[in-house]
Amino acid sequence: MRREGPAGAQQPRTQEPLRTEFEFELPRGFVDEAGTVHRSGAMRLATARDELLPLRDVRVRENPAYLSVVLLGRVITRLGTLPSVHDGTVENMFASDLAFLQDFYRQINAEGHTRASVACPHCEESFEVELAGSRLGES
């Protein structure tokens with residue numbers, strides 16, 4: 001798509017680079033063995049491999065609800081100052097944080113983005129909103 005510049009000249013539209021990692025903040029936070037609370041983190045977009053490999057996991061075969069734990073352990077790239085994040089980390093999170101991460105995963109992977117164009121119902125001005133709020137319930 002092209003847009004018009006000064007004096008009607010056609011200018012190529014610049015395409016935003018693909019964003020593959022998204023920041024989040026857990027509503028409660030993960031408490032490590034030392035009692036440190038970790039709330040800020042990042043999640044990357046999932047690959048087909050990320051979604052397929054957990055299906056081979058014995059824990060997932062025995063209990064399909066475990067799929068999200070294994071999957072999130074693969075795509076969370078950072079959580080606070082933890083040296084690594086894995087399914088054991090996710091397994092020990094509070095239920096509200098797990099629910100938040102499941103929703104966040106759906107927003108960035110199934111929908112492809114976390115921003116939406118909207119218009120003000122009063123003045124009809126268009127603007128973008130962030131769908132992936134930094135806390136549970138924000139959008």
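Accessible areas here come from the Shrake-Rupley method with a 1.4 Å probe. With that, the accessible surface of this chain comes to about 9,400 Å², and 51% of it belongs to carbon and sulfur atoms. What you have on the screen is a predicted model, so please hear everything that follows as computed from that model.

Let me start with the overall layout. The chain has five helices and seven strands. Reading from the N terminus, the order is β-β-β-β-α-α-α-β-α-α-β-β. There are 139 residues in the chain, and buried ones make up 32% of them. As for contacts, take those between residues at least 6 apart in sequence: 48% of them join residues at least 24 apart.

Now the aromatic residues. A pair of aromatic rings is described by the distance of the centres and the angle of the planes. How many aromatic pairs does the count come to? The count comes to three. I will go through two of them.

One is Phe24 with Phe104: the ring centres are 5.8 Å apart and the planes are at 65 degrees, so this pair is edge-to-face, the cut-off being over 60. The pair links distant parts of the chain, since Phe24 sits in strand β3, residues 21-31, and Phe104 in helix α5, 80 residues apart. Phe24 counts as buried at 5% relative accessibility, and Phe104 is buried as well, at 2%.

Next, Phe100 with Phe104. Here the centres lie 6.0 Å apart and the planes are at 10 degrees, so the pair is stacked. Phe100 belongs to helix α5, which covers residues 95-109. Because Phe100 and Phe104 are four residues apart in helix α5, about one helical turn separates them. Phe100 is buried, with a relative accessible area of 5%. Taken together, Phe24, Phe100 and Phe104 form one aromatic cluster.

While we are on Phe100, here is one further distance. Its C-alpha atom is separated by 9.9 Å from that of Arg28, and the two residues are 72 apart along the chain.

On to Thr89. Is Thr89 buried or exposed? At 6% relative accessibility, Thr89 counts as buried, because the limit is under 20%. Thr89 is placed in helix α4, residues 87-91. If we leave aside its neighbours within four places in sequence, Thr89 is in contact with Phe30, Leu79, Leu82 and Ser84.

Turning to the surface, Val31, Val37 and Phe94 make a nonpolar patch of about 250 Å². Of these residues, Val37 is found in strand β4, residues 37-44. Val37 is partly exposed, with a relative accessible area of 45%.

Last, the cysteines. A disulfide is a covalent bond between the sulfur atoms of two cysteines. The structure holds zero disulfides. Why is there no bond from Cys120 to Cys123? The closest cysteine sulfur to that of Cys120 is in Cys123, at 3.6 Å, which is too far for a bond, because the cut-off is within 2.5 Å. Seen from the other side, Cys123 has its closest cysteine sulfur in Cys120, again at 3.6 Å. Cys123 itself counts as exposed, at 52% relative accessibility.

To go back over the main items: a predicted model, five helices and seven strands, an aromatic cluster of Phe24, Phe100 and Phe104, and zero disulfides.

How values were computed:
Residues are numbered from 1 along each chain as its sequence is written. This is a predicted model: local features need pLDDT of at least 70, side-chain atom pairs count only at pLDDT 80 or more; totals for chains, interfaces and linings use all residues. Side-chain values use heavy atoms; hydrogens and water are left out. Helices (H or I, at least four residues) and strands (E, at least two) are DSSP runs, numbered from the N terminus. Buried means under 20% relative accessible area, exposed over 50%, partly exposed in between (1.4 Å probe, protein chains only). Contact means heavy atoms within 4.5 Å. Patches are made of residues with over 30% relative accessible area and no salt bridge: like charges are joined within 9 Å, nonpolar side chains (Val, Leu, Ile, Met, Phe, Trp, Tyr) within 5 Å. A salt bridge is a side-chain nitrogen of Lys or Arg within 4 Å of a carboxyl oxygen of Asp or Glu. Rings of Phe, Tyr and Trp (its six-membered ring) pair if their centres lie within 6.5 Å; planes under 30 degrees apart count as stacked, over 60 as edge-to-face and the rest as tilted.
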